[in-house]
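Q: I should like a close look at a single part of this protein, set in the context of the elements around it. The sequence and the structure are shown here.

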Amino acid sequence: MKKGYLIGQMTITDPKKYQKYASETESIIKNFGGRYLIRYGDQIIAEGKPQGNRDVVVEFDSIEKAKEFYESEEYTKIINIRKENSIGYILMVEGY
């Protein structure tokens, strides 16, 4: 089965408020079998213009599991914290 990846790139607009989202998200991701591959590492821009200055890549057993996490009741409860305190995008991709 192909892995599923949740990829996000964003700029945090209010780090203090965003911290609540970041701390709660980690345990929810673990509950759905996800694991961080990248979480706020340094960037080197080789081409193009990034959408933010923070990157996140989370691996799940499948893209369906990534979607299950994203649409879960637990994540839905905190998603607005991210949306109100950051600018950027999140996408789900099926692995090779």
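Which residues are buried in helix 3? Please begin there and continue to the elements against which helix 3 packs.

A: The model is predicted. In helix 3, the buried residues are Tyr75, Ile78, Ile79, Ile81, Arg82 and Asn85. The general geometry of a helix helps in reading such a list: an α-helix has 3.6 residues a turn, so residues three or four places apart point the same way. The helix, which comprises residues 73-85, bends by about 30 degrees at Ile79, and Ile79 is itself one of the buried residues.

The buried residues of helix 3 pack against strand 1, helix 1, helix 2 and strand 4. With respect to the strands, helix 3 lies across strand 1 and strand 4 and runs at about 130 degrees to strand 4.

Ser72 is located in the loop that joins helix 2 to helix 3. Its relative accessibility is 6%, and Ser72 therefore counts as buried. A polar atom of the Ser72 side chain lies 2.8 Å from the backbone oxygen of Phe69. Leaving aside residues up to four places away in sequence, Ser72 touches Ile28 and Phe32. Of these two, Ile28 is among the buried residues of helix 1.

Helix 1 is thus the next element to examine. The helix covers residues 15-31, and its 17 residues should span 24 Å at 1.5 Å a residue; the end C-alpha atoms are 25 Å apart, which agrees with that expectation. A bend of about 25 degrees occurs at Thr25. Thr25 is also buried, as are Tyr18, Tyr21, Ala22, Ile28 and Ile29. The cover over the buried residues of helix 1 includes helix 2 and helix 3, together with strand 1, strand 2, strand 3 and strand 4. Helix 1 lies across these four strands and runs at about 145 degrees to strand 2. After helix 1 comes Gly33, with a positive phi near 80 degrees.

The strands beneath this description form an open sheet of four, in the order 2-3-1-4 and with antiparallel pairing. Strand 2 and strand 4 are the edge strands, each pairing on one side only. On average, and with direction ignored, neighbouring strands of the sheet are turned by 15 degrees against each other. As a general principle, strands of a sheet pair through backbone hydrogen bonds, either parallel or antiparallel.

Within the sheet, strand 1 and strand 3 are joined by seven bridges in the antiparallel sense. Ile7 has Val57 of strand 3 as its bridge partner, while Gln9 is partnered by Asp55 of strand 3. Strand 3 also pairs with strand 2, again in the antiparallel sense, over four bridges. Here Arg39 stands opposite Val56 of strand 3. Strand 3 is mostly covered, with six of its seven residues buried.

In the loop between strand 2 and strand 3 lies Tyr40. The phi of Tyr40 is near 65 degrees, a positive value in a residue other than glycine. Such a value merits mention because most residues other than glycine have a negative phi. Tyr40 has a relative accessibility of 27% and so counts as partly exposed.

A second tyrosine, Tyr5, belongs to strand 1, one of the strands that helix 3 lies across. At 19% relative accessibility, Tyr5 counts as buried, since the cut-off for that class is under 20%. With residues up to four places away in sequence left out, Tyr5 touches Leu37, Val57, Val58, Glu59, Leu91, Met92, Val93 and Gly95. The contact with Glu59 includes a polar one between the two side chains, at 2.8 Å. Tyr5 and Ser62 are 57 residues apart in sequence, yet their C-alpha atoms are 7.7 Å apart in space.

To return to the part requested, helix 3 contributes six buried residues, namely Tyr75, Ile78, Ile79, Ile81, Arg82 and Asn85. Their packing partners are strand 1, strand 4, helix 1 and helix 2, and helix 3 is in turn among the elements that cover the buried residues of helix 1.

Key:
Residues numbered from 1 in each chain as written. Predicted model: local features only at pLDDT ≥ 70, side-chain atom pairs only at ≥ 80, totals over all residues. Heavy atoms only, no water. Expected span 1.5 Å × (residues − 1). Bend = angle between axes of the 7 residues up to and from the residue. Buried < 20%, exposed > 50% of the residue type's maximum accessible area, 1.4 Å probe, protein only. Contact = heavy atoms within 4.5 Å. Pairing = 2+ DSSP bridges. Axes fitted to C-alpha atoms, helices over the stretch in contact; angles between N-to-C directions. Polar contact = N/O pair within 3.5 Å; in protein donor to acceptor, adjacent residues only side chain to side chain.
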